[in-house]
Amino acid sequence: MKRYVIQRRIHNWDPWEVCPGREYDTLEEVKAAFPGVDLLAGDDSLMDLDLTKAETGTAKAAVLRDMALLLAEEDRYDVCIVDCPPAFNAASAAALAAADEVIIPIKLDAFSLRGMTNLLRQLANARTINPALRLSGILPTMWYRSRRIQEAEETLRGSGLPVFPHIRRTDKVDEMTFDQEPLIVCNPRCAACVDYRRFIREWLNPEGGTAHG
């Protein structure tokens, strides 16, 4: 059975030191905690991987792309997901250089909407080194019933950008961080988990789901 790998900021590993074409030790860090999913875990110790490394020439922006190519050659995974930090830094730049598509989670507030505009500019810039990069869609999260929130979602959907169905806000997401278990394990029937399953179905099978736009 093929597997999914979710790459987060990786503990005790400097991705800028990985050399293209060599056997990478990082896969030894993969933990298969749940069937069909491998996770390269991370923590805040990698916050120093910012754009200063790229500016000084010490960062290898293609490091994740090189790893993705090796994984594709080995046919080990169906999908690799890179969870990027909110700030646009060197780690995010490396992810955009490697990605086929981008999903932008967004909280429907004025600050996030302005930040998304900046991210769209960065996506356009990233296409100069990765022309195949495409925006799969915007994913509104932490949604709740409010006139302002509903108006913001309508504005987003009227922008011409692809927009996935929203993810409802629930306290169960915060509680999940204490349980240290995926939402689908600890609270599979909560609103957010139901919405995330709907989102995944549409993302992986756009023709069979509700069209987003």
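This passage walks through the fold, the cores and the aromatic contacts of a predicted model.

Start with the overall layout. The protein holds 8 helices and 6 strands, and reading from the N terminus to the C terminus gives the order β-β-β-α-α-β-α-β-α-β-α-α-α-α. Of its 213 residues, 33% are buried. About 13000 Å² of the protein is exposed, with carbon and sulfur atoms supplying 54% of that area. As for how the chain folds back on itself, 74% of the contacts between residues at least 6 apart in sequence join residues that are at least 24 apart.

A word on confidence before going further. The mean pLDDT of the protein comes to 76, and 70% of the residues reach 70 or more. Strand β6 (residues 134-141) has the highest confidence, with a mean of 95, while strand β1 (residues 3-7) has the lowest, with a mean of 46. Over residues 1-29 the pLDDT stays under 50, and the model has 88 contacts beyond four places in sequence for that stretch.

Now for the interior. The largest nonpolar core is made of 17 residues, and Ile 104, Leu 123, Leu 133, Ile 138 and Leu 156 are the ones with the most contacts inside it. Four elements, β5 (101-107), α4 (110-126), β6 and α5, each put at least two residues into this core. Apart from residues up to four places away in sequence, Ile 104 touches Met 116, Leu 119, Leu 120, Leu 123, Leu 135, Gly 137, Ile 138 and Leu 139. A second core, separate from this one, has 11 residues, among them Leu 139, Cys 186, Cys 190 and Phe 199.

Leu 133, another of the well-connected members of the largest core, sits in the loop between α4 and β6. Loop or not, Leu 133 counts as buried, because its relative accessibility is 3%, below the 20% cut-off. Its partners outside the four-place window include Leu 96, Ala 99, Val 102 and Leu 123, along with Asp 100, Glu 101 and Arg 127. With Val 102, the chain separation is 31 residues, yet the C-alpha atoms are 7.4 Å apart.

The aromatic residues come next. The model has 2 aromatic pairs. In one of them, the ring centres of Phe 164 and Phe 199 are 4.9 Å apart and the planes meet at 85°, so this pair is edge-to-face. Phe 164 belongs to the loop between α5 and α6 and Phe 199 to helix α8 (residues 191-204), so the pair ties together parts that lie 35 residues apart in sequence. Both rings belong to buried residues: the relative accessible area is 0% for Phe 164 and 7% for Phe 199. The other pair is formed by Phe 199 and Trp 203, whose ring centres are 6.3 Å apart with planes at 10°, so they count as stacked. These two residues share helix α8 and are 4 residues apart, about one turn of the helix. Trp 203 is buried, as is Phe 199. Taken together, the ring pairs link Phe 164, Phe 199 and Trp 203 into a cluster. Phe 199 is also a member of the second core.

The loop between α5 and α6 has more to show. Arg 169 lies in that loop and sits over the face of Tyr 144, 4.2 Å from the ring centre. Besides Tyr 144, Arg 169 is in contact with Met 142 and Trp 143, leaving aside neighbours within four places in sequence. From Arg 169 to Asp 195 the C-alpha distance is 9.9 Å, with their positions 26 residues apart in sequence.

Next along the chain is Thr 170, placed in the loop between α5 (147-157) and α6 (171-179). Is this residue buried or exposed? Thr 170 is buried, because its relative accessible area is 18% and the limit for a buried residue is 20%. Beyond residues up to four places away in sequence, Thr 170 touches Cys 190 and Ala 192. Of these two partners, Cys 190 also appears in the second core.

Notes:
Residues are numbered from 1 along each chain as its sequence is written. This is a predicted model: local features need pLDDT of at least 70, side-chain atom pairs count only at pLDDT 80 or more; totals for chains, interfaces and linings use all residues. Side-chain values use heavy atoms; hydrogens and water are left out. Buried means under 20% relative accessible area, exposed over 50%, partly exposed in between (1.4 Å probe, protein chains only). Contact means heavy atoms within 4.5 Å. pLDDT is the predictor's confidence in each residue, from 0 to 100. A nonpolar core is a set of buried Ala, Val, Leu, Ile, Met, Phe, Trp, Tyr and Cys residues joined through side-chain atoms within 4.5 Å. Accessible areas come from the Shrake-Rupley method with a 1.4 Å probe; for residues, only the protein chains shown count as cover. Rings of Phe, Tyr and Trp (its six-membered ring) pair if their centres lie within 6.5 Å; planes under 30 degrees apart count as stacked, over 60 as edge-to-face and the rest as tilted. A charge sits over a ring if NZ of Lys or CZ of Arg is within 6 Å of the ring centre and within 35 degrees of the ring normal.
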